[in-house]
Amino acid sequence: MAAGSTAPLLAAVACVVLVFLAPAVSGYGATLESVPDLVKAMYVNIESFPCVRLLNLSGEIGCANPGHGQIIAPVVRFSSIDQLVQPSAVLLPLDQMSDFFLRVSNHPELYHNVAGVLVESNGVHSNLLELSPDRKFPQEDFAPYSNVSQDWNPAGSGIMWKRYDFPAFLLSEESTQTLRQIADKNEKSNNGYQANVAEFDLVMQTTKAETHDSESCLKAQSCLPLGGQSVWASLPPMSNASKHQKPVIMVVASQDSASFFRDRSLGADSPISGLIALLTAVDALSHVHDLSKLKKQLVFAAFDGEAWGYLGSRKFLQELDEGADSVNGINSSMIEQVLEIGSVGKGISEGHPLFYAHAARNSSISKKMLDALQSGSDSLGSDNVKVKPAATSNPGVPPSSLMSFMRKHTSTSGVVLEDFDSQFSNRFYHSYLDNPANINSSSIAAAAALVARSLYILATADMPVDLMTLNTIRVNVTLVEELIGCLLTCDPGLSCGIAKSFISPSNSCPSHYVGVFQDSPSSTQFPSYADDTSRFIWNFLADRTGTLAGIIISCTGKCSDENEVCVGAEVEGGGRCVVSTTRYVPAYSTRLKFEDNAWHVLPANSSDPMGAADPVWTESYWNTISLRVYAVQSTTSDWLVLLAGLVVTAVSYLAVIIGRTYISKITKRD
């Protein structure tokens, strides 16, 4: 056949395909004028959030395609175990999520027929009473006490700590409606053929490389360690040249959360309410004059990676031991007291703020901290902010960064301020439903006020408390509301005014999943990959704890004086140099070492009591993650299309032969 006849032939086949496939996609309302239009109409990309593959020293958790390729399966609603008779993409109501994943793990036949899971979104305001994929005692292996039977998190199902060899996605609200319509179409199919399928692309590099634990995947470079950047700052700033060292009161909070679905880790109550309270307390104290005259030094820290083995607090303590530049100005012996602000977003009881103080040890210093909190509460008067000691029946402090300090130094005196006594008041712990609807801004503001005043009382030590100054310490309630909008919503998100005055965010929608550590650990103070939240916290603390340098000049990086830092360096026009002791501290496993451009797992060290329990979490690489749905024809339709194509091919071929013969005869006559 002549080459020139190929194009008409292909065009004819394409036309036939369009004729036969157009009805299959007509439900999407597409006008098909070309093959690209057909492709666009057939494939609907679904907005969703994946569960991904994580690894530790003993194995894997999370989700992934079981092989090296995409998975295609019909979309069905899940109503019973008996319903799944073939591998299917299961559309799952949110209220059945925990029960379903628990049953899948214990039911091999059901597991075999789950090709993928699509979890419906209930929106911001859900009717669910509880949903927590974490354990009932989160991170119990790190507890500084032996009684780990306490159900701190009674809603916990533990499903996020299991391995699933199928993809799972949380759908957006809009996508939920789309998938419901598709599942309905499949249910109403007259011939029983489910023509609408989901295509999952969640292929993990660790699956391809067959590396199924952290040590092997780090060697094969098919994964990266979980980690980020913690931030600490002193108020007032400490001079590097100063020889006088005051006892330090550490005030800490966590800045990261976790979730079954990687990019939906907001953690509004646990732990971001505590972080917001810390930032607001710093703001309130920054207006107090003559803090340098107090007997104790205030140091504030926001730890990253706490949801994954207390990475931030443990690495901070290791840096202190090693005298690293990231903690220049303080050492372990200076830390006298640790006050942690935990979950404080739900501390409203009978219309008034109520918090519980969980003491680390029954020591005289811990008693002073409890007394200071009570005095701070009393000073707030008509605000009626109450604080109570936690029940003595509790085995110890709840899951918190304070555990790292206690395991490192058993004599550590500290208190964790929480909105609960013996069980989490947050029934959505480490769930995407721990969102702004789950917290009360008045509770956070009350906690910030209580902390700010209590810290002033503690820092005066044996000096008489200046009641006039104490009563001037008030929190900015508007700042609390603004920080909630910045750190817990997409509108405005990190495009809010206060964040944009400090950083150029990579994404306006915040997510508090720790992510992976991509920097070289040596570049601590100018990290290339610090996430938006860490950079915002660093700039906020530097701004609130700092004082303007003598000569105000624009800066875009390092300032000339070693006691100065550049605040707002990312914004247009540059930032400004301020005198501030604000530092980044790397947050990754203390059992990892970066050498020869690769990560290596170290043996457990006796100087790190938590090292033996450290899982060394890593996250698999991947090329793309996507979810889309489209319509497919039944086998009968496929055969009809093939038959029609063959007929068109044969007719076209005969037409070409007859035409050439006819033309040849005409030419000879002429």
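At what angle do helix H8 and helix H12 pack, and how far apart are their axes? In this predicted model, H8 spans residues 268–285 and H12 spans residues 441–460. The two helices pack at an angle of about 50°. Their axes lie 8 Å apart. Angles from 35 to 65 degrees fall outside the parallel and perpendicular classes, so H8 and H12 are oblique to each other. Their crossing is right-handed. On the H8 side, the contact is made by Ser273, Ile276, Ala277, Thr280, Ala281, Ala284 and Leu285. H12 contributes Ile444, Ala447, Ala448, Val451, Ala452, Leu455 and Tyr456. Of the residues in this contact, 12 are nonpolar and two are polar. None is charged.

The model also encloses empty space. Four cavities of 30 Å³ or more were counted. The largest has a volume of about 290 Å³. Its lining is made up of 26 residues. Ser254, Ser270, Pro271, Pro399 and Tyr429 lie nearest its centre. Helix H8 appears here again: with three residues, H8 supplies the largest share of the lining. Strand S13 (248–254) and strand S15 (335–341) each supply at least two residues. The lining of the largest cavity divides into 10 nonpolar, 10 polar and six charged residues.

The second largest cavity holds about 120 Å³ of space. Cys51, Val52, Leu54, Ile61, Gly62 and Met160 are among the residues that line it. Ser259, Phe260, Arg262, Trp308, Tyr513 and Glu619 also belong to the lining of this cavity. Eight residues of this lining are nonpolar, two are polar and two are charged.

Methods. Residues numbered from 1 in each chain as written. Predicted model: local features only at pLDDT ≥ 70, side-chain atom pairs only at ≥ 80, totals over all residues. Heavy atoms only, no water. Axes fitted to C-alpha atoms, helices over the stretch in contact; angles between N-to-C directions. Helix = DSSP H or I, 4+ residues; strand = E, 2+ residues; numbered from the N terminus. Parallel < 35°, antiparallel > 145°, perpendicular 65-115°, else oblique. Left-handed = near helix turned anticlockwise from the far one by under 90°. Contact = heavy atoms within 4.5 Å. Nonpolar A, V, L, I, M, F, W, Y, C, P; charged D, E, K, R; others polar. 1 Å grid on protein atoms, 1.4 Å probe; cavity = no way out; pocket = protein on both sides within 12 Å on 5 of 7 lines; lining within 4 Å. Points joined across faces, edges and corners; volume = space filled by probe spheres on them.
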